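I opened this model to see how its helices pack and where its residues sit. These are my entries, in the order in which I looked things up.

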Amino acid sequence: MTPKKKIDLIVEINKEREKLKPYVIVFIGVNGVGKSTNLAKVAYKLKNANLSVMLAACDNFRAGAVEQIKTHGRNLDIPVFDRGYKE
């Protein structure tokens with residue numbers, strides 16, 4: 001999964017904004033690799049670039065995963081979409 005070229009995320013997002021399209025970034029990985037922490041770091045960078053950011057909490061398997069994303073969202077003043085946990 002080594003990238004073949006460098007990507008300027010801010011430039012790519014702004015290209016999609018010009019087309020009035022959302023830019024979606026998905027973080028995928030096994031438990032404990034830092035997805036939520038890195039998600040918060042990227043969200044912070046995008047917010048500081050004056051981009052509109054929303055987080056979506058979609059982890060149904062790890063206890064506390066949705067709460068972790070909500071905490072990052074609160075700390076960064078970024079809205080979070082979630083549906084809670086399904087039984």
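**Two loops with positive phi**

I began with N50, which I found in the loop between helix 2 and strand 1 (55-56). I kept in mind that this is a predicted model, and I treat every value below as computed from it. I looked up the backbone of N50 and noted a phi near 60 degrees, a positive value in a residue other than glycine. I wrote down the general background beside this entry: most residues other than glycine have a negative phi. For the side of accessibility, I recorded N50 as exposed, because its relative accessible area is 68% and the cut-off for exposed is over 50%.

I then turned to D77, which sits in the loop between helix 3 and strand 2 (80-81). D77 is not a glycine, yet I read a positive phi of about 55 degrees for it. D77 also counts as exposed, at 62% relative accessibility.

**The chain as a whole**

I stepped back to the chain and listed three helices and two strands, which follow the pattern α-α-β-α-β when read along the sequence. I noted that the C-alpha atoms fill a box of roughly 40 × 30 × 20 Å, taken along the principal axes. The chain has 87 residues, and I recorded 22% of them as buried. I also looked up how far contacts reach along the sequence: among the contacts with a separation of 6 or more, 51% are accounted for by residues 24 or more positions apart.

**Helix 2 against helix 3**

Next I asked at what angle helix 2 and helix 3 pack. For helix 2 (residues 35-48) and helix 3 (residues 65-76) I noted an angle of about 25 degrees, with the axes 10 Å apart. Helix 2 is therefore roughly parallel to helix 3, because angles under 35 degrees count as roughly parallel. I entered the crossing of helix 2 and helix 3 as right-handed.

I listed the residues that make the contact: S36, T37, L39, A40, A43, Y44 and K47 from helix 2, and Q68, I69, H72 and L76 from helix 3. By type, I divided the residues of this contact into six nonpolar, four polar and one charged.

I followed S36 further, since S36 lies in helix 2 and is one of the residues of this contact. Leaving out residues up to four places away in sequence, I found S36 touching R62, Q68, I69 and H72. S36 is buried, with a relative accessible area of 13%.

From helix 3 I picked V66, and I recorded V66 as buried because its relative accessible area is 3%, where the cut-off is under 20%. I also looked up its distance to V26: the two are 40 residues apart in sequence, and their C-alpha atoms are 15 Å apart in space.

**The nonpolar core**

I then asked which residues touch the most other members of the largest nonpolar core. In this core of 14 residues, I found that they are A43, L46, L55 and I78. Helix 1 (9-18), helix 2 and helix 3 each supply at least two residues of the core, and its largest share, four residues, comes from helix 2. I added a general remark here, that nonpolar side chains in soluble globular proteins tend to be buried together.

For L46 I looked up the contacts beyond its neighbours within four places in sequence, and I listed L9, I10, I13, I25, L51 and V53.

**Two residues outside the buried class**

I placed V42 in helix 2, and I entered it as partly exposed, at 25% relative accessibility. With neighbours within four places in sequence left aside, V42 is in contact with L9, I25 and F27. I also noted that V42 and E12 are 30 residues apart along the chain, with their C-alpha atoms separated by 14 Å.

My last residue was I28, and I asked whether it is buried or exposed. I28 lies in the loop between helix 1 and helix 2 and counts as exposed, at 75% relative accessibility. I closed with its distance to G64: the two are 36 residues apart along the chain, and their C-alpha atoms are separated by 17 Å.

Technical notes:
Residues are numbered from 1 along each chain as its sequence is written. This is a predicted model: local features need pLDDT of at least 70, side-chain atom pairs count only at pLDDT 80 or more; totals for chains, interfaces and linings use all residues. Side-chain values use heavy atoms; hydrogens and water are left out. Axes are lines fitted to C-alpha atoms, for helices over the stretch in contact, and angles run from 0 to 180 degrees between N-to-C directions. Angles under 35 degrees count as roughly parallel, over 145 as roughly antiparallel, 65 to 115 as roughly perpendicular and the rest as oblique. A crossing is left-handed if the near helix is turned anticlockwise from the far one by less than a right angle, and right-handed if clockwise. Contact means heavy atoms within 4.5 Å. Ala, Val, Leu, Ile, Met, Phe, Trp, Tyr, Cys and Pro count as nonpolar, Asp, Glu, Lys and Arg as charged, and the others, Gly among them, as polar. A nonpolar core is a set of buried Ala, Val, Leu, Ile, Met, Phe, Trp, Tyr and Cys residues joined through side-chain atoms within 4.5 Å. Buried means under 20% relative accessible area, exposed over 50%, partly exposed in between (1.4 Å probe, protein chains only).
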